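This report walks through one protein model. Please keep the sequence and the 3D view at hand while reading.

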Amino acid sequence: MPTLGLHLTTFPANPSDLTSYIRDIGAALDAGAPWSALGLTDHFRQRAPDGADAPMLEPYALLANIAGCTSRIQLGVLATSVLYRSPTLLAKTVTSLDALSLGRAVLGIGAGHPRTEGEAREYGFEFPSVPERMGLLDDALRTIRAMT
C-alpha cells in the first residue's frame, strides 16, 4: 500500500489556534494509513495565503511538540536551509527530535532556494552564490554525517 506525507506551508492567522491546529493534524495523520509523515516548512514568515503578518513558528520546536501527541508518523522539515543553522546545531536539533519521537525524525536539507533570498537578507542572513551555497551544503552533510 502506498504511503503519503503531508507538508504544511501555511498556518492559521490566529496564533492562539496554531499549536492545537498543528497537533490536531498530527494526531489525524497518526491515526491511520495511508499517511506516514508530517513535514513543516523552514521560513521566518508566513508565505501566501495568510501573508507576512501570519505567525511562523520554529519548525523543529513545533515538531518536538507534535512528537508528544503522535506515535507513528515520521516528522521533519522538507528542506532546512544550510544558511539558517550551523551544521552542528542542526545535527543536534534533529537528533534531539529523533530521540523525543523515538526514532521518527527525518532530515530534509537544502542550499537555499533563490526565492528565499529576500527573506534571508531581511532576517540578517547572507545569501551567497549557488556554488557557494552548494559548498555549504556539502560541508554541512559531512559534518552532520560525522555527528550522527
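The largest pocket has a volume of about 300 Å³. Its lining counts 17 residues, and T41, H43, A79, H113 and T116 are the closest to its centre. Sorted by class, that lining holds 4 nonpolar, 10 polar and 3 charged residues. The model is predicted.

The second largest pocket holds about 170 Å³ of space. Its lining is made up of G5, L6, H7, A37, L38, G39, Q74, L75, G76, V77, L78 and V106. Three strands, β1 (4-7), β2 and β3, each supply at least two of these lining residues. Of the elements, β3 gives the most, with 4 residues. No charged residue takes part in this lining. The table sets the two pockets side by side.

| Pocket | Volume | Nonpolar | Polar | Charged |
|---|---|---|---|---|
| Largest pocket | about 300 Å³ | 4 residues | 10 residues | 3 residues |
| Second largest pocket | about 170 Å³ | 7 residues | 5 residues | no residues |

**The sheet**

In what order do the strands of the open sheet stand? The order is β1-β2-β3-β5, four strands with parallel pairing. β1 and β5 are the edge strands, since each pairs on one side only. Strands of a sheet pair through backbone hydrogen bonds, either parallel or antiparallel.

β1 and β2 run parallel and are joined by 4 bridges. Two residue pairs can be named here. L6 has L38 of β2 as its bridge partner. H7 has G39, also in β2, as its partner. Further along the sheet, β2 pairs with β3, again in the parallel sense and over 4 bridges. There, L40 stands opposite V77 of β3.

**The cores**

The largest nonpolar core has 23 residues. Inside this core, L38 and L63 have the most contacts. Five elements each supply at least two residues of the core: α1 (15-30), β2 (35-40), α2 (59-67), β3 (74-77) and α3 (87-100). Which of them gives the most? It is α2, with 5 residues.

L38 deserves a second look. Leaving out residues up to four places away in sequence, L38 touches L6, L8, I25, G26, L29, L63, I66, I73, Q74, L75 and G76. The list includes L63, the other residue named for the most contacts in the core. It also includes L6, the bridge partner of L38. L38 lines the second largest pocket as well.

A second core, separate from that one, has 8 residues. V82, Y84, A111 and F127 are among them.

**Two exposed residues**

S16 sits in helix α1. Is S16 buried or exposed? S16 counts as exposed because its relative accessibility is 59%, and the cut-off for exposed is over 50%. S16 and L62 are 46 residues apart in sequence, while their C-alpha atoms are 14 Å apart in space.

L102 belongs to the loop between α3 and β5 (105-106). Its phi is positive, about 55°, although L102 is not a glycine. L102 is also exposed, because its relative accessible area is 78%.

**In short**

The parallel sheet runs β1-β2-β3-β5. Residue L38 links several of the topics above: L38 is in the bridge pairing with L6, in the lining of the second largest pocket, and among the residues with the most contacts inside the largest nonpolar core.

Notes. Residues are numbered from 1 along each chain as its sequence is written. This is a predicted model: local features need pLDDT of at least 70, side-chain atom pairs count only at pLDDT 80 or more; totals for chains, interfaces and linings use all residues. Side-chain values use heavy atoms; hydrogens and water are left out. A nonpolar core is a set of buried Ala, Val, Leu, Ile, Met, Phe, Trp, Tyr and Cys residues joined through side-chain atoms within 4.5 Å. Buried means under 20% relative accessible area, exposed over 50%, partly exposed in between (1.4 Å probe, protein chains only). Contact means heavy atoms within 4.5 Å. On a 1 Å grid over the protein atoms alone, a cavity is a set of points where a 1.4 Å probe fits but cannot get out, and a pocket is an open set with protein on both sides within 12 Å along at least five of seven lines; lining residues have an atom within 4 Å of a point. Grid points are joined across faces, edges and corners, and a volume is the space filled by probe spheres set on the points. Ala, Val, Leu, Ile, Met, Phe, Trp, Tyr, Cys and Pro count as nonpolar, Asp, Glu, Lys and Arg as charged, and the others, Gly among them, as polar. Two strands pair if DSSP finds at least two bridges between them.
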